[in-house]
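I opened the notebook to look up cores, pockets, the cavity and a few single residues. The entries follow in the order I checked them.

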Amino acid sequence: MKATRAKVPSTPLARTRRARRLNAELSLGYPDAVCELDFTTPLELSVATILSAQCTDARVNVVTPALFARYPTASDYAGASVEELEEYVRTTGFFRNKAASLKGLGRALVEEFDGEVPRTLAELVTLPGFGRKTANVVLGNAFGIPGITVDTHLGRLVRRWGLTDEEDPVKVERDLNAMLPPAVWTDFSTRVIYHGRRVCDARKPACGACYLAPLCPSYGLGPTDPVVAAELVKGSERDHLLALAGIA
């Protein structure tokens, strides 16, 4: 891989072109990317996403099977003991707040939406434990309704790529919505999050082993030596990602 740093796109058109090129490249790196939270229903995904705040998806996936079995419906959460909910979700962190949100979610769904998770952003963001990020996760992955999910990984990467200077998630979402067609919003979000978890770490990105480096104005934040950087790449896609970066 040629060690170089891409220019920061300086116009709206340049940012749009860069975003669409990155989207195409991400689809090569992560063609099978899906939401990493385990779920079978919109309610389960809603609960899992609330629990994922300040917690890894892997830890949430350990906790949710027992939780989902104990509370299969919104009315079950509405009628639950907060103390019992706390015990189920304790290892996800901030368990008291999360337990309260789950009970509140169940109550709101029962009282306002006939026990069903609504399908619009405006309605979802009224639910306890929900913000735009959680709403877009549920819309995109449970209902197939496109949305940009601005979590910490996506925000970090799109700023590193020079697609936006914004820190506020709503403004980041707005900027990306203007650059990318709605049909790719959910997949783009998922793939960026994958890349942030596997290659472009917050503290030590694997720059020298990143196949997106030619498009990245932040190349060099992490080690550029391919051998050193390759050791930082994680996940089941590791061999594929290193091959795309030209590293055997």
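I count a contact where heavy atoms lie within 4.5 Å. The model is predicted, and each entry below should be read with that in mind.

**Entry 1: Trp-161 and the cores**

I looked up Trp-161 with that cut-off, leaving out residues up to four places away in sequence. Trp-161 touches Pro-9, Arg-18, Leu-22 and Leu-26, and also Val-192, His-195, Leu-212, Cys-216 and Pro-217.

I then asked which residues have the most contacts inside the largest nonpolar core. They are Leu-154, Trp-161, Leu-176 and Phe-188, in a core of 37 residues. For the elements, I noted those that give two or more residues to this core: helix 1 (12–29), helix 9 (152–160), helix 10 (169–179), helix 11 (185–198), helix 12 (226–230) and helix 13 (238–244). Helix 11 gives the most, with 4 residues.

I also found a second, separate core, which has 34 residues. Val-60, Ala-80, Ala-99 and Ala-135 are included in this second core.

**Entry 2: helix 2**

I checked how far helix 2 is covered. Helix 2 spans residues 42–51, and 9 of its 10 residues are buried. I listed the buried ones as Leu-43, Glu-44, Leu-45, Ser-46, Val-47, Ala-48, Thr-49, Ile-50 and Leu-51. Which elements cover them? The cover includes helix 3, helix 4 (74–78), helix 5 (82–89), helix 6 (95–113) and helix 8.

**Entry 3: the largest pocket**

I noted about 670 Å³ of space in the largest pocket. The pocket is lined by 27 residues, and those closest to its centre are Cys-55, Asp-57, Asp-151, His-153 and Arg-197. Helix 3 (57–70), helix 8 (132–142), helix 9 and helix 11 each give two or more residues to the lining. Helix 11 has the largest share of this lining, 6 residues. I sorted the lining by class and got 9 nonpolar, 13 polar and 5 charged residues.

I note that helix 11 appears twice: it gives the most to the largest core, and it gives the largest share of the lining of the largest pocket.

**Entry 4: the second largest pocket and Thr-16**

The second largest pocket has a volume of about 160 Å³. I wrote down its lining as Val-8, Pro-9, Pro-12, Arg-15, Thr-16, Gly-162, Leu-163, Thr-164, Asp-165, Asp-175, Ala-178 and Met-179. Helix 1 and helix 10 each supply at least two of these residues. By class the lining has 6 nonpolar, 3 polar and 3 charged residues.

I picked Thr-16 from that list for a closer look. Thr-16 is found in helix 1. Is Thr-16 buried or exposed? I have Thr-16 as buried, because its relative accessible area is 19% and the cut-off for buried is under 20%. Beyond four places in sequence, Thr-16 touches Ala-178 and Met-179, and both of these also line the second largest pocket.

**Entry 5: Leu-180**

I located Leu-180 in the loop between helix 10 and helix 11. Leu-180 is buried, with a relative accessible area of 3%. Apart from neighbours within four places in sequence, Leu-180 is in contact with Ala-19, Arg-20, Asn-23, Trp-185 and Phe-188. I also took the C-alpha to C-alpha separation of Leu-180 and Ile-148, which is 9.8 Å for two residues 32 apart in sequence.

**Entry 6: the cavity and its cysteines**

I searched the whole structure for cavities of 30 Å³ or more and found 1. The largest cavity has a volume of about 110 Å³. Of its 14 lining residues, the closest to the centre are Cys-200, Pro-205, Cys-207, Cys-210 and Cys-216. The lining is made up of 11 nonpolar, 2 polar and 1 charged residues.

With those cysteines listed, I asked how many disulfides the structure holds. The count is 0. Why is Cys-210 not bonded to Cys-200? The closest cysteine sulfur to that of Cys-210 is in Cys-200, 6.4 Å away, which is too far for a bond. For Cys-216 the closest cysteine sulfur is also in Cys-200, at 6.2 Å, and that too is too far. The cut-off I used is within 2.5 Å. I have Cys-210 as buried, at 10% relative accessible area, and Cys-216 as buried, at 11%.

Technical notes: Residues numbered from 1 in each chain as written. Predicted model: local features only at pLDDT ≥ 70, side-chain atom pairs only at ≥ 80, totals over all residues. Heavy atoms only, no water. Buried < 20%, exposed > 50% of the residue type's maximum accessible area, 1.4 Å probe, protein only. Core = buried A, V, L, I, M, F, W, Y, C linked by side-chain atoms within 4.5 Å. 1 Å grid on protein atoms, 1.4 Å probe; cavity = no way out; pocket = protein on both sides within 12 Å on 5 of 7 lines; lining within 4 Å. Points joined across faces, edges and corners; volume = space filled by probe spheres on them. Nonpolar A, V, L, I, M, F, W, Y, C, P; charged D, E, K, R; others polar.
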